[in-house]
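Got your viewer open? Let's take a walk through this one, a stop at a time, with a note on what to select at each.

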Amino acid sequence: MAHQQAAKEAIPLMTPYKMGQFELSHRVVLAPMARFRSYGNVPQPHAAVYYSQRATRGGLLIAEATGVSTTAQGYPHTPGIWTREQVEAWKPIVDAVHRKGAFFFCQILHVGRVSSTDFQPNGHAPISSTDKQISPNIETGKVYSKPRRLRKEEIPGIVDDFRRAARNAIEAGFDGVEIHGAHGYLIEQFMKDSTNDRTDEYGGSLENRCRFAVEVVDAVVREVGANRVGMRLSPFIDFMECVDSDPVALGSHMVQQLNKHDGFLYCHMVEPRLSYNGMFVVDGRRQIPHGLLPFRKVFNGTFIAAGGYDLEEGNNVVANGYTDLVAYGRLFLANPDLPKRFELGAPLNKYDRSTFYTQDPVIGYTDYPFLDEDHDDSVAHA
């Protein structure tokens, strides 16, 4: 037994960690990933299978991005948490995760202009910090509708949507919430200077552009407590034509705002790439430029890094103190027992990108094999 424990502790990712009041048994976090299988914006029973498959005693799971209101939607079959039906539908899913002994956080978001009139109530224009439209996606053919710039007097209502969503998440049984302030969605549309062309107190200076984000954080913290709140940020990423001219200043400012809340639980930040729209590959392997250290040094709470990590790189960044926890997306999607595979140095299933965003409740969702299942290698996804 002592030998097994020593072997486990030799793998930095598999060492225990105390995140606020949560005693984690390892540092491998399930990253939030859109899966488009919540029909009619209501989470479904198959989500209980999916998440509980990836739950381990003392593990941390972050749910897929979950809409805070009727105007927050921009994709098909994404879950929400603004109605009584949605809250009740989440409860058995959260219970299934808790029965496995894991901790479960709900990522709450508003997509802002990353939407079209098809997803908006009564076919209205999506709302945003700006009225600048996202260019059509040539590869997918997806077209985004011209957004409507929020009036200043409307902004407190959107802040309140986040507050109410956080309260609903706790009522549904989640251990906490992650505010989605990344990847070109509404909060980041306000924060970044390419998408914020406002002239009121929500635009212009860095402090003004971050005002909406700070108000959301303040409201959510007041509602559920700082010790149950994390935030995801991606200052370096250019996604959905949302980029900032000084991402270091932006990230630093936001980390300082989070620190103002005593006990703010975690900051979840996305690694910069060498280029914003690709990856830097050396000898056929992805290299990570490690641009988050200044933020990690300043932030008072738990730091989570995300961005294409494998086992070796994840172990390295935990071992050298670069981050506390590492979020895994595609590898965890394809390997429901990823922590166990990491611990044993076992081979990994390959993910099937073509099934990431389909609506099938099984294929590409709950059918990836576990290590101890007697599956032929051909079942593993190529």
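Start by selecting helix α2 (residues 45–53) and helix α3 (residues 84–99), whose axes come within 8 Å and cross at roughly 25°. That angle is under 35 degrees, so α2 counts as roughly parallel to α3. If you turn the view to look at how they cross, the crossing of α2 and α3 is right-handed. One thing to keep in mind as you go: this is a predicted model.

Now show the side chains where the two helices touch. On the α2 side, pick A47, A48, Y51 and S52; on the α3 side, pick P92, I93, A96 and V97. Which classes of residue make up this contact of α2 with α3? Colour by class and you'll get 7 nonpolar residues, 1 polar and no charged ones.

Stay with α2 for a moment and bring back everything around it. Is α2 largely enclosed or not? Largely enclosed by the rest of the structure, because 7 of its 9 residues are buried. To highlight the buried ones, select H46, A47, A48, Y50, Y51, S52 and Q53. What do these buried residues of α2 pack against? Besides α3, you'll find the strands β3 (28–30), β4 (60–62) and β6 (103–109).

Next stop: the aromatic rings. A search of the whole structure turns up 18 aromatic pairs. For one of them, select F190 and F212: their rings sit 4.6 Å centre to centre with 35° between the planes, and the pair is tilted. Zoom out a little and you'll see that this pair links distant parts of the chain, with F190 in helix α5 (residues 186–191) and F212 in helix α7 (residues 211–224), 22 residues apart. Are F190 and F212 buried or exposed? Both are buried.

Then jump to Y351 and F356. The ring centres are 5.6 Å apart and the planes lie at 45°, so this pair is tilted too. Switch on a surface and compare the partners: Y351 is partly exposed, with a relative accessible area of 26%, whereas F356, at 5%, counts as buried.

For the last stop, keep Y351 and F356 selected and add F36, Y75, Y185 and Y357: together these residues form one aromatic cluster. Rotate around the cluster, and that's the end of the tour.

How values were computed:
Residues are numbered from 1 along each chain as its sequence is written. This is a predicted model: local features need pLDDT of at least 70, side-chain atom pairs count only at pLDDT 80 or more; totals for chains, interfaces and linings use all residues. Side-chain values use heavy atoms; hydrogens and water are left out. Rings of Phe, Tyr and Trp (its six-membered ring) pair if their centres lie within 6.5 Å; planes under 30 degrees apart count as stacked, over 60 as edge-to-face and the rest as tilted. Helices (H or I, at least four residues) and strands (E, at least two) are DSSP runs, numbered from the N terminus. Buried means under 20% relative accessible area, exposed over 50%, partly exposed in between (1.4 Å probe, protein chains only). Axes are lines fitted to C-alpha atoms, for helices over the stretch in contact, and angles run from 0 to 180 degrees between N-to-C directions. Angles under 35 degrees count as roughly parallel, over 145 as roughly antiparallel, 65 to 115 as roughly perpendicular and the rest as oblique. A crossing is left-handed if the near helix is turned anticlockwise from the far one by less than a right angle, and right-handed if clockwise. Contact means heavy atoms within 4.5 Å. Ala, Val, Leu, Ile, Met, Phe, Trp, Tyr, Cys and Pro count as nonpolar, Asp, Glu, Lys and Arg as charged, and the others, Gly among them, as polar.
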